[in-house]
Number of protein chains: 2
Amino acid sequence: MPRKPEQKRKQATLADVAQMAGVSIATASKALNGRSQVKAETRARVFEAAEKLKFSPNAMAQNLLTGRSGTIGLVTHDLDGRFSIPTLMGAEDAAGHGRTSVLLCDARGDALRERYHLQALLGRRVDGLIVVGARPDPRSSLGTLPVPVVYAYAPSTDPRDTSIVTDNVAGGRLVAEHMLACGRRRIALVTGDPEYGAAHDRVAGAREVLDRDGAEVVPSEPLYGTWSEEWGRTAAGLVINQHPDVDGIICGSDQIARGVLDTLRESGRKVPDDVAVTGHDNWEILAVNARPQLTSVDMRLEELGRQAAELLFAAIDGRTTKGGHVVTPRLVPRASTGPRVSG
Amino acid sequence: MPRKPEQKRKQATLADVAQMAGVSIATASKALNGRSQVKAETRARVFEAAEKLKFSPNAMAQNLLTGRSGTIGLVTHDLDGRFSIPTLMGAEDAAGHGRTSVLLCDARGDALRERYHLQALLGRRVDGLIVVGARPDPRSSLGTLPVPVVYAYAPSTDPRDTSIVTDNVAGGRLVAEHMLACGRRRIALVTGDPEYGAAHDRVAGAREVLDRDGAEVVPSEPLYGTWSEEWGRTAAGLVINQHPDVDGIICGSDQIARGVLDTLRESGRKVPDDVAVTGHDNWEILAVNARPQLTSVDMRLEELGRQAAELLFAAIDGRTTKGGHVVTPRLVPRASTGPRVSG
DNA sequence: CTGAAAGCGCTTACAG
DNA sequence: CTGAAAGCGCTTACAG
């Protein structure tokens with residue numbers, strides 16, 4: 001049987017502070033906010049009272065005046081996924097520095113749920129919105145909203161929106177350049193689900209570099225499959241079977257690379273001596289525990305999240321940020337590609 | 001050079017709606033809120049105006065009246081960790097059903113940062129707080145706050161606080177019972193960092209069951225190490241070296257179990273025929289990609305988060321929830337323990 | 001059924 | 001240097 005609501009431990013109000021300090025509400029406000037026109041002694045009395053009452057100004061009341069809520073909405077589409085979290089962390093971090101709080105919603109890839117959360121957030125008068133996609137492919141625009149929106153990780157299809165994404169083509173290039181620097185010349189490309197733009201982009205970046213340098217891609221067409229260890233094991237089997245002289249395998253993800261490493265080891269190939277292997281995503285738990293540790297590409301998602309927040313703050317301040325922005329990934333070399341061999 | 005702030009696309013206000021509908025603000029409010037004392041035709045006019053102006057009531061103004069913000073604060077300590085995320089998802093989900101929004105902060109295990117975020121959240125007049133720890137060991141209490149607090153995953157050391165945790169002893173029991181049901185009699189316990197209470201709790205649960213049943217624990221003392229694949233590989237080597245007749249290995253985490261599986265496979269043991277292996281945490285990406293797929297224990301963290309939110313709502317409504325609450329984990333059997341063998 | 005008034009907790013011109 | 005008053009956008013008794 002529910003009891004009647006617990007005695008509300010009413011928070012002290014500015015009026016309480018003013019009364020205790022023996023001044024008007026207006027003066028208490030000015031004292032607390034460091035306005036210059038207050039006698040030092042009065043200010044001290046007000047602070048003392050505020051302290052004693054554990055006064056904490058009601059942000060809702062303050063914001064009603066300013067017209068800004070000091071909050072941003074973060075709508076994510078795969079809270080359980082490993083890609084949105086670092087992005088979210090970066091945004092939260094950037095927001096915290098600007099004394100902005102983050103309202104988090106998980107829309108789970110569902111457009112209806114997204115609309116619902118959007119309404120709730122707009123009702124709370126968020127100053128802006130960051131929408132984090134589940135995968136890097138473009139998504140439909142939310143259209144014109146009363147506050148600025150930044151699309152992070154998954155860009156909006158509408159170029160008039162502000163989007164920020166990871167540069168997967170550059171990621172592919174990085175890894176290919178590294179393979180060449182390690183002296184590899186017969187390189188296989190094993191990647192994931194061809195439905196993902198990221199799979200194609202990473203392959204495109206790698207091919208561009210390999211072709212330009214005249215390195216051989218074996219087999220000549222990249223192998224698409226799924227983003228799994230299982231596929232990595234299978235694909236590696238195919239590659240070494242058809243092209244026993246392969247000396248490098250560029251994988252579209254760390255999971256795939258883990259599978260590739262397993263098959264190579266079990267077939268007696270030495271990594272990196274016989275075959276160098278690279279992953280993608282720099283998922284530490286997979287990359288660092290691999291045997292040998294896995295060279296990978298880090299998308300710098302936390303940086304992406306941070307920049308998304310910066311773009312949003314800029315837009316909130318009226319500075320224009322329209323269009324696509326890009327975060328360049330970085331290579332994280334580890335033992336699976338061995339020490340660099342010049343030339 | 002920053003331009004002057006973008007022309008504020010001022011949101012429509014209730015006054016705007018009232019004016020357009022040709023009624024007073026009070027009547028507009030009543031119409032929109034479904035109060036009975038409004039003529040149907042008037043109500044229609046008001047709704048029409050609201051629609052046309054895309055009116056969305058300012059929650060800050062509404063909340064100022066009610067004294068409730070309709071938000072809860074979620075303070076997490078390892079946003080990048082895999083444990084807080086499901087908890088957070090469950091809480092967000094439960095909150096959403098109650099039309100409550102979630103303010104997210106990441107304190108990163110830092111008490112100072114936690115204090116800072118706490119102040120910000122209290123300033124925003126959150127109706128309550130959920131504090132999610134980074135690991136299951138007890139943490140210090142935040143003391144008396146003006147709103148209810150629920151400690152999730154990591155309990156408060158103060159029994160007067162409300163805490164909800166996963167039952168690691170039960171998890172250990174589950175897995176041991178399963179081993180016995182699979183006909184295993186000489187079982188090794190390989191777990192992680194002894195600094196973690198969870199390591200001991202899981203071992204204690206398993207031992208309790210194994211001892212009761214008279215199964216042999218080999219070696220007689222559990223092997224503590226780190227929560228890594230590397231340690232799993234090493235530990236498995238020790239175990240099969242000293243106890244070649246081992247027929248089951250209970251691991252303290254899925255990572256450890258992955259390492260154990262690797263060593264077993266490479267030493268020629270068949271899993272589960274020769275040795276059954278279990279993990280813990282049911283980290284799908286590891287468990288499902290293992291060879292064979294890994295039997296594990298799911299802590300039901302999403303459920304934990306959901307219950308944390310329910311406890312918080314109860315406390316906000318004045319129903320008492322003090323003390324420790326527990327979520328019972330569940331076994332997820334997969335191929336690494338093989339089909340059940342009765343007896 | 002409708003509206004004028006008070007008030008939620010604050011800040012900010014504007015007078016003294 | 002201090003305070004009375006207006007107002008942010010809403011809701012809710014209270015009169016008409």
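**Figure 1. Sugar–phosphate and base atoms of DNA strand C at the protein surface.** In this predicted model, 69% of the atoms of DNA strand C within 4 Å of the protein belong to sugar or phosphate, and the rest to bases. The strand is surrounded by 26 residues, of which A:Thr13, A:Leu14, A:Ser29, B:Lys30 and B:Thr42 come nearest; a residue is near a strand if one of its heavy atoms lies within 4 Å of it. By class, this surface comprises twelve nonpolar, nine polar and five charged residues (nonpolar: Ala, Val, Leu, Ile, Met, Phe, Trp, Tyr, Cys and Pro; charged: Asp, Glu, Lys and Arg; polar: the others, Gly among them).

Residues are numbered from 1 along each chain as its sequence is written, and chains are lettered from A and ligands numbered from 1 in the order in which they are written. Local features need pLDDT of at least 70, side-chain atom pairs count only at pLDDT 80 or more, totals for chains, interfaces and linings use all residues, and side-chain values use heavy atoms, with hydrogens and water left out.

**Figure 2. Phosphate oxygens of DNA strand C and polar side chains.** A polar side-chain atom of B:Thr42 lies 2.6 Å from a phosphate oxygen of the strand. For A:Asn33 the corresponding distance is 3.2 Å, and for A:Arg35 it is 3.2 Å. H2 and H4 of chain A, together with H2 and H4 of chain B, each supply at least two residues of the surface near DNA strand C; H2(A) gives the largest share, four residues. Helices are DSSP runs (H or I, at least four residues), numbered from the N terminus.

**Figure 3. The surroundings of DNA strand D.** Among the 26 residues around DNA strand D, A:Lys30, A:Thr42, B:Thr13, B:Leu14 and B:Ser29 come nearest. A phosphate oxygen of this strand is 2.7 Å from an N or O atom in the side chain of B:Ser29, and one is 3.2 Å from such an atom of B:Asn33. At a base, a nitrogen of DNA strand D lies 3.3 Å from a backbone N or O atom of B:Ala61. Helices H2 (25–32) and H4 (59–66) of chain A and of chain B give two or more residues each to this surface, with the largest share, four residues, coming from H2(B).

**Figure 4. The relation between chains A and B.** Chain A can be laid on chain B with an RMSD of 0.1 Å by a turn of 180° and a shift of 0.0 Å along the axis (least squares on C-alpha atoms of residues with pLDDT of at least 70 in both). The two copies are therefore related as by a two-fold rotation axis. In chain A, the C-alpha of A:Leu103 is nearest the axis, 2.3 Å from it.

How values were computed: A polar contact is a pair of N or O atoms within 3.5 Å; within protein, one must be able to donate a hydrogen and the other to accept it, and residues adjacent in sequence count only if both atoms are side-chain atoms.
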